[in-house]
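Thanks for coming. I will put the structure up first and then go through it region by region.

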Amino acid sequence: MWTRLQSLAGSLRDLGGCTRHNSVAAFTCQNPGGGDSDNSQRALRVDKGGRTMPFQAVRLYIQDHHVVMDNGTVQVTLSKPAGLVTGIRYDGIDNLLEVLNRETNRGYWDLHWNPPGGKGIFDVISGTSFRVVVENDEQVELSFTRMWDSLLEGKYIPLNIDKRFILLRGSSGFYSYAIYKHLQEWPGFDIGETRITFKLRKDMFQYMAIADNRQRLMPLPDDLLPGKCQTLAYPEAVILVNPELPELTGEVDDKYQYSCENKDNQVHGWICFKPLVGFWQITPSDEFRTAGPLKQNLTSHVGPTTLAMFHSSHYAGKDLVLSISPGEPWKKVFGPVFIYLNSASNGEDAPFLWEDAKMQMMAEVQSWPYSFPVSEDFQKSEERGNVCGRLLVKDRNISDDYILASGAYVGLAPPGDVGSWQTECKDYQFWTRADENGYFSIKSICTGDYNLYAWVPGFLGDYRFDAIVTIISGCDMDMGDLVYEPPRDGPTLWEIGIPDRSAAEFYIPDPDPKFMNNLYANHPDRFRQYGLWDRYADMYPDTDLVYTVGLSDYRKDWFFAQVVRRKDDGTHVGTTWQIKFKLDKVDRSCSYKLRVAIASATLAELQVRVNDEKARRPLFTSGLIGRDNSIARHGIHGLYRLYNVNIPGARVVEGENTIFLAQPRCTSPFQGLMYDYIRLEGPPFSGSSNEASGSFK
């Protein structure tokens, strides 16, 4: 495969050329200089002939309008005082960034913001002053700042922004981070997104990799121009009509097909086949990213573009807009992230560029928190604290004994309501996974006050340790055994799905053959194909889904999203799904409990009726919920919601019963719900865990 791809990429490169000079290329996993780093390890390198050679000292060259950091392996050029990355020279290639773009459109920090009630503003963050923070043989750190005052109100976001760039001796790449600061007396604002963007040379980088099983040769940016493609239901999605690479003809391209959860979004980037060079964005920690480990963000996409996402409202909507009020002081450090470059000498080594990038990512993770950033706002290892403990689950429907919370997600996030971590976007979060026995350890936590939050795959709901957890420098806090009691009133009569905050276990149809992205053919992430929402009407052209407990299989018979149905005239109607079940005995004096966990909602409403589809008032309505847009953006989840619906015993009957789940909102094809898990519980326990006042047949 790699030989074929190299040949194809080579033909595409005939569209342009790159200048390369002979050089010695380092191709080893570098220690980035974490808390226990040894500078002597970074003072030596092995050349392609196997000889040990000293690494060049880091040098800084300050010019009239640019500043250049050079360590002999990588040379980074930034505009002065704007702090935009205009050039990256590596392995003899003059510039890895797109030289056809203006200098302001190659490598930059940006944000999308708006004043309260105002229109959105896209801002490429350009510094107005420059200073050298550190300059010695081992390290150069540069600062590009933009200070705010009242004369700039309405033009620039009311933040002092300090962008930092770091080059270390012996490092095959460079680091960047930024400090955002809002003073109490300044006006408020909203931030929808902030990130670092790199736009690479289209004549070089055509192969993208974001995971072991998510790699492919990508279209060129020219393939997205009018006449070369057909735009689909929204501008980001197109069918390639006349791409430069004929084998891509007829495929769908959409940047949202390459989104990734924070927990898995640690390294991604691009490979050039001639010469063999890799460009990788490595994020060593999620602590500065917003909304926890399950938040989905963009990665790399056609451009070729690589993003380091720090905050976005994608897959969440306005619930995840970062809002700072007037009179609210705020400061946060985003990053550092690492831009890693690697190379190889021949085509047979192309797969190793990705493997080497993963190894470098692991080295960066092990070195976190870094010791070398100079800013006092970035806390070093000795300034932080650690927390450990064990999480247990108490669910008497399963066992009278405690259950080990195997694989639980456990994290510290700012104090808030149960589950508030998934919309928290102002401060830091620190997450880990418990082991098979429920033990967890969270290391290198910034000082401050937190709640401890958790959720356990296989169990409904969220856990929060109610007491405030205060982290001080150097602390090692053992919280002992913590017990989570998930929502439970009575025994399970039936259940649909798996409580894991995702709709991935449900039926995901094949896409319409004319809307294929071949990467996702026979792929675990088949939900990333375009247009799956329209497949519902193909399967249910006249009537809606009916699920019969005991006969139906949720893996085959429960569509992954309750979407609207498209009519022949192009309009849409809401849908009502039915769950049919039998009860052989009913206690009319007690209540039953329907628990509905929602994996995603987009301008939707959940209405629940029992045994009367035409009832004027539903037994329960969620009201209008959600702006996740996961249906259109190929996500399999957005924000998690849990609804607990009391069903009076008088509403159910012995024998056949039907629960109607209606989603009536239907002004857009992308409105709808994704379910995580649905469970009906019998009346409350009245004795041992196996007793019930009602039973399911």
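**Packing around Leu391**

Let me start at one residue. Setting aside neighbours within four places in sequence, Leu391 is in contact with Leu404, Ala405, Ala408, Val410, Gly438, Phe440, Ala454, Val456, Tyr463, Leu482 and Tyr484. Please keep in mind that this is a predicted model.

Leu391 belongs to the largest nonpolar core, which has 120 residues. Leu391 is among the residues with the most contacts inside that core, along with Ile88, Leu96, Tyr180 and Phe198. Which strand gives the most to this core? That is strand 26, residues 330-343, with eight residues. There is also a second, separate core, of 59 residues; Trp533, Phe560, Phe581 and Ile678 are included in it.

Two of the contacts of Leu391, Ala454 and Tyr463, bring us to a sheet. Ala454 stands opposite Tyr463 in strand 33. Strand 32, residues 448-455, runs antiparallel to strand 33, and six bridges join the two. The open sheet here has four strands in the order 30-29-32-33, with antiparallel pairing. At its edges are strand 30, 430-433, and strand 33, 463-471, each pairing on one side only. From one strand to the next the twist averages 20°.

**The nine-strand sheet**

Strand 26 turns up again in the next sheet. This one is open, has nine strands, and follows the order 9-10-11-12-26-21-20-14-15 with antiparallel pairing. Strand 9, 129-135, and strand 15, 214-217, each have a single partner strand, so one side of each is left without a neighbour in the sheet. On average, neighbouring strands are turned by 15° against each other, direction ignored. At the strand 15 end, strand 14, residues 205-211, pairs with strand 15 in the antiparallel sense over four bridges. Within that pair, Tyr207 stands opposite Leu217.

**Strands 3, 4 and 5**

Now towards the N terminus. How many of the residues of strand 4, 66-70, are buried? Five of its five, and the strand is mostly covered. In general, side chains in a regular strand alternate between the two faces of the sheet. In strand 4, His66, Val68 and Asp70 point one way and Val67 and Met69 the other way, and all are buried.

Strand 4 has an antiparallel partner in strand 3, residues 59-62, with four bridges joining them. Arg59 stands opposite Asp70 in this pairing, and the hairpin from strand 3 to strand 4 passes through three residues. Strand 4 is also joined to strand 5, residues 74-79, by five bridges, again antiparallel. There the bridge partner of His66 is Ser79. The hairpin of strand 4 and strand 5 has three residues between the strands, and in it Gly72 takes a positive phi near 90°.

**Strand 46 and Ser600**

Further along the chain, strand 46 covers residues 655-663. Seven of its nine residues are buried, so strand 46 is largely enclosed by the rest of the structure. Strand 40, residues 575-585, pairs with strand 46 in the antiparallel sense over nine bridges, and Thr576 stands opposite Ala662. Strand 42, residues 607-610, also pairs with strand 46 in the antiparallel sense, over four bridges. The bridge partner of Val610 in strand 46 is Ile659.

Ser600 lies in strand 41, residues 591-604. Is Ser600 buried or exposed? Its relative accessibility is 1%, so Ser600 counts as buried. Its side chain makes a polar contact, at 3.1 Å, with the side chain of Ser630. Not counting residues up to four places away in sequence, Ser600 touches Asp628, Ser630, His637, Gly638, Leu639, Gly672, Leu673 and Met674.

**An exposed loop residue, and the cysteines**

Ala233 lies in the loop between strand 16, 229-231, and strand 17, 238-240. With 51% relative accessibility, Ala233 counts as exposed. Leaving aside neighbours within four places in sequence, Ala233 is in contact with Tyr530 and Phe670. Ala233 and Tyr530 are 297 residues apart along the chain, and their C-alpha atoms are separated by 9.8 Å.

Last, the cysteines. How many disulfides does a search of the whole structure find? Zero. Cys388 is in no disulfide, and the nearest cysteine sulfur, that of Cys475, is 10 Å away. Cys388 counts as partly exposed because its relative accessibility is 28%. Cys260, at 8% relative accessibility, counts as buried.

Definitions and conventions
Residues numbered from 1 in each chain as written. Predicted model: local features only at pLDDT ≥ 70, side-chain atom pairs only at ≥ 80, totals over all residues. Heavy atoms only, no water. Core = buried A, V, L, I, M, F, W, Y, C linked by side-chain atoms within 4.5 Å. Buried < 20%, exposed > 50% of the residue type's maximum accessible area, 1.4 Å probe, protein only. Contact = heavy atoms within 4.5 Å. Pairing = 2+ DSSP bridges. Axes fitted to C-alpha atoms, helices over the stretch in contact; angles between N-to-C directions. Disulfide = S-S within 2.5 Å. Polar contact = N/O pair within 3.5 Å; in protein donor to acceptor, adjacent residues only side chain to side chain.
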